[in-house]
Every structure is written in structure tokens, then in C-alpha cells.
Amino acid sequence: MIDLVQNTIDGVMIGSSYGLLALGFTLIFGVMRRLDLAYGPSIMIGGYFGTVLYLYYGAGPLAVASAVVLGAVIAGIYVERLCFAPMKAGAAIASMVSSFAIWMQLEQAAILVLPRHTYPFPPLATVAPLEFGPFLVRVDHLIMLVCALALAAAVHLALYHTRFGLALRAIIGSPVAAHLVGINVRTAVLLTFAGASAVGGAAGFLVLAVDQQVTPMFGMWATLKGLIAMMIGGLGSVPGAVVGGLLLGIVEANSQWYFGPQIRDLVAYVVLFAFLVVRPRGLLGRAPEPAMPPKA
Amino acid sequence: MDDYLIGVLSNIGVISFVALSAYLLLLTGEISFGQQAFFAIGAYAAGIATALWGWSLAAALVWGAAVSGGAALLVGVPTLRLHGLYFAIATLAFAEMVRILFELFRYQISIDGELIGPNGTDGFRNIRYIFDHNIDAFQFLLLIYSLLAAAMLGLLLLERSRLGVIFRMIGQDETLAELQGIPVARRKVLAAGIAGTLAGIGGGLYAHLTTYVEPRIFDIMLGVHSLAYGLIGGLGTAFGPLLGVLIDIGLLESIRALAGYRMIIFGGLVALLLIVRPRGLLDEMVVHKIGRGWRRVSLWARRSSLKPRGNSA
């Protein structure tokens with residue numbers, strides 16, 4: 001029982017970062033209706049910005065965090081300009097494959113800059129874990145959870161209590177109608193990519209700081225975790241992304257503890273598959289449209 | 001031919017099967033990130049059949065194709081109710097489940113005092129059929145390409161058949177196809193089954209080509225690559241995915257001077273290409289134009305040969 005609770009605590013902490021990753025993903029998918037496979041790799045580029053700063057200039061956590069976010073935003077804008085902005089309507093598959101091609105490019109670029117398989121990343125906090133009765137909570141996990149919840153709340157506020165958020169929700173509802181009422185859709189999409197990459201970059205910084213290492217594989221990891229959490233929570237739902245991330249974290253932490261890392265990954269995919277087949281709308285999403293309207 | 005060239009060509013041939021598999025589903029309008037799973041199932045099934053059960057290569061390839069085709073049918077039933085992104089992610093989840101299951105899969109038999117068979121993450125070594133039967137690399141290359149040619153012939157005939165037209169129609173507009181009385185769900189499951197079989201044949205060949213498979217090979221990278229091949233080469237004809245494989249493996253992987261920058265160049269080129277040609281190099285329009293040009297040439301040739309010589313004066 002103590003194990004179960006302890007695992008669940010750890011799962012919630014880790015899951016908060018999954019939730020953040022899913023949040024950025026869901027924003028991009030919401031406005032574009034297209035999958036950005038290069039989302040994780042953009043964050044990985046941010047991670048490499050941070051590591052370079054840390055390795056060569058000995059930068060502190062705050063400078064590294066800003067570098068990660070900045071790098072992710074730059075890479076995100078690059079992806080949007082190349083894979084999404086110039087695509088004609090209805091070329092959704094082309095956008096997706098193109099973002100995959102850019103994923104390969106970003107990964108190779110990272111390897112060219114820092115050719116070893118792993119590099120150190122500055123830790124968030126190196127103090128001893130806090131004790132609550134029989135339970136232990138790592139301080140960096142706690143920081144991660146607090147930052148993740150604060151960021152999710154900020155995104156929620158931005159979406160539902162600002163003029164820009166209103167414009168974004170209009171675009172999510174119908175890009176054509178949004179354009180007709182005078183919203184500059186192209187600019188809004190670019191800003192969304194930048195914002196979503198910044199959220200992803202923050203999530204990436206938190207995860208990398210907890211892991212204390214960065215590898216080129218981080219891009220794939222971030223894309224997959226974000227994708228799974230987003231689909232479990234419900235496509236296009238902000239609270240869904242967070243809840244999906246937390247659920248994924250809890251499931252993973254427990255299955256890892258009881259069955260080991262391979263079963264952990266297996267269980268994550270089984271949960272995803274089961275959700276898609278039984279309840280494709282996820283936990284909090286709207287029912288999917290009968291068919292994806294613009295098919296390439 | 002030197003060994004390196006044979007190796008590259010064999011690789012191109014084998015990977016073409018997965019690319020064709022993803023292409024067939026793209027025709028019905030569905031994106032699959034998961035065709036590598038059927039490639040993996042075919043590879044393991046065929047490898048087990050020759051290395052552990054002592055079957056002949058032909059029987060093993062048929063067995064591998066049948067198992068992966070059957071698996072594709074089974075997975076197709078629940079997943080093909082989903083559309084677009086939902087289907088794509090479901091195939092991804094399935095493929096990753098298969099990969100992890102192969103990481104846990106242990107089935108070893110002692111043959112001549114040596115343990116042979118799949119051993120989890122360590123993979124499946126010593127699929128030595130082509131060495132034991134003195135098949136050299138060139139002969140195996142011929143085998144790969146004759147099977148590929150047969151598969152291509154089948155696909156080209158399929159595209160001219162009623163079923164092929166139905167597949168494309170479903171891909172263009174599912175509702176319209178349903179209204180025309182086409183049993184969309186059943187036809188899509190059929191497409192998934194054929195696609196799984198194709199990938200399974202490729203997998204069986206792959207296992208015997210490399211003599212060694214491990215779960216790590218069959219990760220999402222292979223799946224997305226095979227999807228990309230169809231889109232780069234073109235969705236207008238089954239030659240499209242082949243062209244895609246040729247461009248990626250043939251051109252870029254073989255030019256060693258590009259090593260280290262290959263993905264930077266390839267990734268950028270693909271992104272730019274897809275802006276100009278969102279349905280690939282050989283898209284429907286190009287294929288149509290080539291077909292029309294060909295018919296004109298053959299018509300002209302027939303007329304000029306029919307015309308009696310020297311009659312114009």
C-alpha cells in the first residue's frame with residue numbers, strides 16, 4: 001500500500017511534465033488540425049542550447065532555462081515556417097511527413113554540435129528529498145509539479161481570458177470564420193507555434209533537469225509522451241492534456257515499480273490503444289468528428 | 001557486381017515492401033505509423049520457421065506473410081473504425097506494443113549444442129538459411145527483386161481493377177463511397193490485410209538477408225520512413241514509393257561524402273519538395289500525363305506503321 005501511494009506520488013510529479021508536453025501539442029493540433037511530429041525534436045534543440053550554455057559557459061539554472069525555452073521557440077518557428085505555413089489546405093499528410101523530415105534534420109544537427117550520446121544537464125536542486133511520514137518527495141520533482149501547474153493555469157488564463165485567446169479559440173472552431181471576422185490567422189498560428197514551443201521548452205527543461213542528462217533521443221521521447229498524454233486526455237482539451245499527463249505518469253510509475261521498464265512502456269501503449277478503440281475522445285475531449293475533414 | 005552494391009540494392013528491395021505496404025493504406029486515405037509491426041512479425045515468423053523448425057525458405061516466407069497478414073486483419077477490425085489522426089496513433093500504439101512484446105519474447109531451441117531463437121532484446125541471431133543452402137548474395141538479390149516485381153505487378157493490376165478504384169474512392173471521400181453502396185469498413189480491412197501481407201513478405205526476406213533481427217530495428221523510425229517514401233516518390237502509382245526508397249537509401253545513404261550531413265540535406269529537401277508537390281513526385285497528375293503521352297505515342301506509332309509507304313505522292 002505504501003509502495004502504491006509512493007509510486008502514485010512520483011507518478012503525479014513526472015506526469016505533470018507529460019501534461020505540459022501534451023499541452024503544447026494540443027495547442028498546435030487545435031489551431032492546425034495537423035500533427036507536428038517535430039514538436040519533441042524542437043524541444044530537444046532547446047535542450048541542446050541549454051547544455052551548450054552550461055558546458056561551455058557554466059551558466060546557472062535560470063539562464064539555462066531561458067536558453068532551452070528560446071531554443072525551442074526558434075526551432076518551433078522554423079518548423080512552422082517550413083512545414084505548415086506554406087502548405088496548401090488539404091495537405092495535412094504532407095505537413096506531417098514534412099515535420100518528420102525536419103525531425104531527422106534537427107536530430108542530426110544536434111549530433112553534429114555535440115556528438116556524444118549523452119551530455120550532462122544542470123540539476124534543479126541537489127538537496128535531500130523531503131519526508132512526509134513514510135513517503136519521500138524529491139525537491140526537484142516538487143518544483144516540476146509546481147511549475148507545470150502554474151504554466152497550465154497560465155495557458156488556461158491566456159486562452160479563456162485574453163483577446164488573443166478568444167481569437168485562438170475562434171480559429172480552433174473554424175479557421176475560415178475566424179478569417180472572415182478579421183482575425184489574422186497566419187500570425188495567430190505562428191504565435192501559437194511559438195507559445196506552444198515555449199510551453200514545451202519549459203517542460204523539456206524540467207524533465208532534463210530532473211534526469212540531469214540530454215540525448216538526441218529526447219526529441220522522440222517528448223513527441224511520444226506528449227502524443228500519448230494528449231490522446232488519453234482528449235484531443236484539443238487543455239484540462240484534458242494535464243489530466244492525461246498525470247494519468248500516464250501514475251500508470252507508468254506503478255507499472256515500472258511492479259513490472260520493470262519494458263512492461264511500463266507496454267502498459268502505456270496498451271492504455272493508449274484501449275482508449276483509442278473504446279473511447280477515442282479521451283477523458284475530457286469532445287467526440288471526434290465522423291471523419292477528419294481535410295484529407296490530403 | 002561488388003558486395004557493397006548488392007548490399008545496397010538488397011536493402012532497397014526489402015524496404016520497398018514496407019513502403020508499398022504504407023502506400024496501399026495511404027490510397028484508402030489512412031495514415032499508418034505501424035506497418036513496421038507487420039514487417040517485424042513477418043521477419044520473426046519466417047526466421048523461426050527456417051532456423052528453428054527447419055522449413056524451406058519458400059514455406060517460411062509464405063508462413064511469415066500469412067501470419068502478418070492475419071495479424072493485420074485482426075488489428076484492422078477495431079482500428080479502422082477510427083479516422084485520420086486517431087487511426088494513425090492507434091497503429092503507432094499497436095506497433096510499439098508489438099516491438100516491446102518482441103523484447104520480451106524468448107523462444108529458444110538447442111540445435112547442434114547451440115541455443116537458437118529469439119532472445120528478447122538480444123535479438124534473434126543465426127538465421128543462417130542462405131549460408132546453409134549455399135545461396136550467395138547475388139542469388140538472394142534476384143529472389144528479392146523477383147518477389148518485388150511480382151508484388152508490383154499485383155499492385156499495378158489491383159490499381160486497374162475495380163477494387164483499386166474502390167480503394168482510391170474511399171481515400172477521396174469515404175461518405176460518397178458509402179453512398180455508392182461500397183462496404184467501406186470491409187474494404188478498408190481488406191486493404192489493411194493486403195498491406196500487412198506485403199510488409200510480412202518484406203520482413204521474411206529481411207530476416208534472411210541480414211541473418212539477424214532485433215526488436216530495436218522495428219521502431220517508429222522505420223514506420224514513419226516507410227510512410228514518407230510514398231509521399232516523396234508520389235501517391236499516383238505504386239512506382240512512387242519505390243522511387244522514394246531509391247532516393248533515400250540509394251542516393252543519399254550511398255554517397256559517403258554526405259555522411260553526417262545526410263539527414264540535414266535529406267530532411268530539408270523533403271520539406272521543400274512537399275511544399276511544391278504535396279502528393280509527391282509521381283502524383284496522380286503526372287501519372288495521368290505520362291499515361292496520356294504514352295497512349296498518344298503508341299497511337300501515332302500504330303498509325304504511321306499502318307500507312308502504306310510512298311502513297312502520298
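**Helices, core and chain contact in a predicted two-chain model**

Val245(B) is placed in helix α11 (residues 239-253) of chain B. In this predicted model, Val245(B) counts as buried because 26 C-beta neighbours lie inside 10 Å, where 20 or more are required. Apart from neighbours within four places in sequence, the contacts of Val245(B) are Ile12(B), Ile15(B), Ser16(B), Ala19(B) and Tyr229(B). Gly230(B) is 15 residues away from Val245(B) along the chain, and the C-alpha atoms of the two are separated by 8.4 Å.

One of the residues in contact with Val245(B), Ser16(B), is also the centre of a kink of about 25° in α1(B). This helix covers residues 3-27 of chain B and has 25 residues. From its first C-alpha to its last, α1(B) reaches 36 Å, close to the 36 Å expected at 1.5 Å a residue. Just after α1(B), a positive phi of about 85° is found at Gly29(B).

In chain A, helix α1 is formed by residues 2-32. The end C-alpha atoms of α1(A) lie 44 Å apart, which agrees with the 45 Å that its 31 residues should span at 1.5 Å a residue. A bend of about 25° occurs in α1(A) at Ile14(A). Burial is extensive along this helix, since α1(A) is mostly covered, with 23 of its 31 residues buried. Arg33(A), just after α1(A), takes a positive phi of about 55°.

Two loop residues of chain B were examined for their backbone angles. Most residues other than glycine have a negative phi. Asn126(B), although not a glycine, has a positive phi of about 60°. The residue belongs to the loop between β2 (114-116) and α5 (129-132) of chain B. Asn126(B) counts as partly exposed because it has 15 C-beta neighbours inside 10 Å, a number between the limits of 12 for exposed and 20 for buried. Thr211(B) is likewise not a glycine and has a positive phi of about 60°. The loop that holds Thr211(B) runs between α9 (184-210) and α10 of chain B. With 16 other C-beta atoms within 10 Å, Thr211(B) is partly exposed.

Arg168(B) provides a further position in chain B, located in helix α7 (residues 162-172). Arg168(B) is partly exposed because its C-beta neighbours inside 10 Å number 15. Between Arg168(B) and Leu25(B) there are 9.9 Å in space, C-alpha to C-alpha, although the two are 143 residues apart in sequence.

The largest nonpolar core has 194 residues. The members that touch the most other members are Leu23(A), Val97(A), Met231(A), Leu272(A), Ile89(B), Ala93(B) and Ala228(B). Helix α4 (residues 84-104) of chain B supplies the largest share of this core, 14 residues. With residues up to four places away in sequence left out, Ile89(B) touches Leu227(A), Met231(A) and Leu276(A).

The contact between the chains takes 37 residues from chain A and 34 residues from chain B. On the side of chain B that touches chain A, two or more residues are given by each of α3 (57-79), α4, α10 (220-233) and α12 (262-276) of chain B. The most comes from α4(B), which gives 12 residues to this side. By class, the side of chain B that touches chain A has 24 nonpolar, 7 polar and 3 charged residues. Thus α4(B) gives the largest share of the largest nonpolar core and also the most residues to the side of chain B that touches chain A.

Confidence scores were considered for the whole model and for each chain. The model has an ipTM of 0.86 and a pTM of 0.88. The average pLDDT of chain A is 89, and 97% of its residues score at least 70. The average for chain B is 89, with 96% of the residues at 70 or above. Among the elements of chain B, the highest mean pLDDT (95) belongs to helix α2 (residues 35-51) and the lowest (83) to β2(B). In chain A, pLDDT stays under 50 over residues 290-296, for which the model has 16 contacts beyond four places in sequence.

Notes. Residues numbered from 1 in each chain as written. Chains lettered and ligands numbered in written order. Predicted model: local features only at pLDDT ≥ 70, side-chain atom pairs only at ≥ 80, totals over all residues. Core = buried A, V, L, I, M, F, W, Y, C linked by C-beta atoms within 7 Å. Helix = DSSP H or I, 4+ residues; strand = E, 2+ residues; numbered from the N terminus. Contact = placed C-beta atoms within 7 Å. Nonpolar A, V, L, I, M, F, W, Y, C, P; charged D, E, K, R; others polar. Expected span 1.5 Å × (residues − 1). Bend = angle between axes of the 7 residues up to and from the residue. pLDDT = per-residue confidence, 0-100.
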